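Visitor: I would like to go through this structure and ask what stands behind each label.
Guide: Then let us begin with the picture.

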Amino acid sequence: MDVLQLLILAALGLLGGVLAGVAGVGGGLVFVPTLVYVAGWDIKEAVAASFVIIVFSSLSGTLRNVRSEDPADWRAVGIFASTVAPASLIGVYLSNVSPASVVQFAFAGVLLALAYPTARGSSGPSGREWRKIPLSLVLLAGVGIGALSGLVGVGGGVVMVPLMVLGMGLTTKRAVSTSLAVILLTGIVASVGYIATGFSDLFSLAPLVVGSMVGAWLGVRLRDWLPEKAIRVGFACLMVVVALRTLGDATGIL
């Protein structure tokens, strides 16, 4: 790996980290294609590696969120982590025995369904009095999010954030902080699962790890500065982009 490639990986790691800090996602949306198209990794190896990087990016962002204007809701972290993190092992197993296309279609459908209400936000000033999704369904969705995360190498924040807003009454910024803490726990569980099943190429991830940790720290600071509405609308746009990209992968168009 030459110096230029190392710099490119570090820069893309920085981008993934900023995305994690701003939007509460793990950064796998950047890390997986980076490893496949820049570093030339196999897709399954890239998914496994993505979780290792996610552990560090989400840890950096979570530590920075402690001093944020909108820190994590630790009750919500416990509720989601109890379903999402263990369920990620389902995805680790499925990645070795089945194609991902069916799950990808379902994932894209959920994103498209939640994009508009996420952009619209709550009807109350704090969002605490506006709930459309029963908590039982939120927890059930957590199992699906965890399985999907383990399967395709994303932390699941792109679905968790709107569910926390719509189902638990959190503001978007608070949901972003909370999602990142859940992703940290999910990443640890999924990483252990992939390492236990044979993934071992850890040292070559250093540029992405360092870049992602710096980026997540900066992303949290950027999120504190951005207006709540801008976060909501930007996150909804991200959901649509991810949904279209996922459909492209599932159909073989992209």
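Guide: A nonpolar core is a set of buried Ala, Val, Leu, Ile, Met, Phe, Trp, Tyr and Cys residues joined through side-chain atoms within 4.5 Å. Buried means under 20% relative accessible area, exposed over 50%, and partly exposed in between, with a 1.4 Å probe and protein chains only. The largest nonpolar core here has 54 residues, and those with the most contacts inside it are Leu35, Phe80, Met160, Met164, Phe199 and Leu205. Helix α7 gives the largest share of this core, 9 residues.

Visitor: What kind of model is this, and how are residues numbered?
Guide: This is a predicted model, in which local features need pLDDT of at least 70, side-chain atom pairs count only at pLDDT 80 or more, and totals for chains, interfaces and linings use all residues. Residues are numbered from 1 along each chain as its sequence is written, and side-chain values use heavy atoms, with hydrogens and water left out.

Visitor: What makes a stretch a helix?
Guide: Helices are DSSP runs of H or I with at least four residues, strands are runs of E with at least two, and both are numbered from the N terminus. On that basis the protein chain has 10 helices and 0 strands. Of its 254 residues, 53% count as buried.

Visitor: Why is α7 called mostly covered?
Guide: Helix α7 spans residues 157-168, and 12 of its 12 residues are buried. Among them are Met160 and Met164, two residues also listed for the most contacts inside the core. Just after α7, Gly169 has a positive phi of about 75 degrees.

Visitor: Why is Asn65 called buried?
Guide: Asn65 has a relative accessible area of 2%, so it counts as buried. Asn65 belongs to helix α3, residues 43-65. Contact means heavy atoms within 4.5 Å. Apart from neighbours within four places in sequence, Asn65 is in contact with Pro71, Ser177, Leu180, Val220 and Arg223.

Visitor: Why is Val233 called partly exposed?
Guide: The relative accessible area of Val233 is 35%, which means it falls between the two cut-offs and is partly exposed. Val233 sits in helix α10, residues 228-251. Its C-alpha atom is separated by 4.6 Å from that of Ala119, 114 residues apart along the chain.

Visitor: How do you know that α1 and α2 are roughly antiparallel?
Guide: Axes are lines fitted to C-alpha atoms, for helices over the stretch in contact, and angles run from 0 to 180 degrees between N-to-C directions. Angles under 35 degrees count as roughly parallel, over 145 as roughly antiparallel, 65 to 115 as roughly perpendicular and the rest as oblique. The axes of α1 (residues 3-23) and α2 (residues 28-38) come within 8 Å and cross at roughly 160 degrees. The pair is therefore roughly antiparallel. The contact of α1 with α2 has 9 nonpolar, 5 polar and no charged residues; Ala, Val, Leu, Ile, Met, Phe, Trp, Tyr, Cys and Pro count as nonpolar, Asp, Glu, Lys and Arg as charged, and the others, Gly among them, as polar.

Visitor: What makes α4 and α6 oblique?
Guide: Helix α4 (residues 74-97) and helix α6 (residues 135-152) pack at about 40 degrees, with axes 6 Å apart. That angle fits none of the other classes, so α4 and α6 are oblique to each other. Their contact divides into 13 nonpolar, 7 polar and no charged residues.
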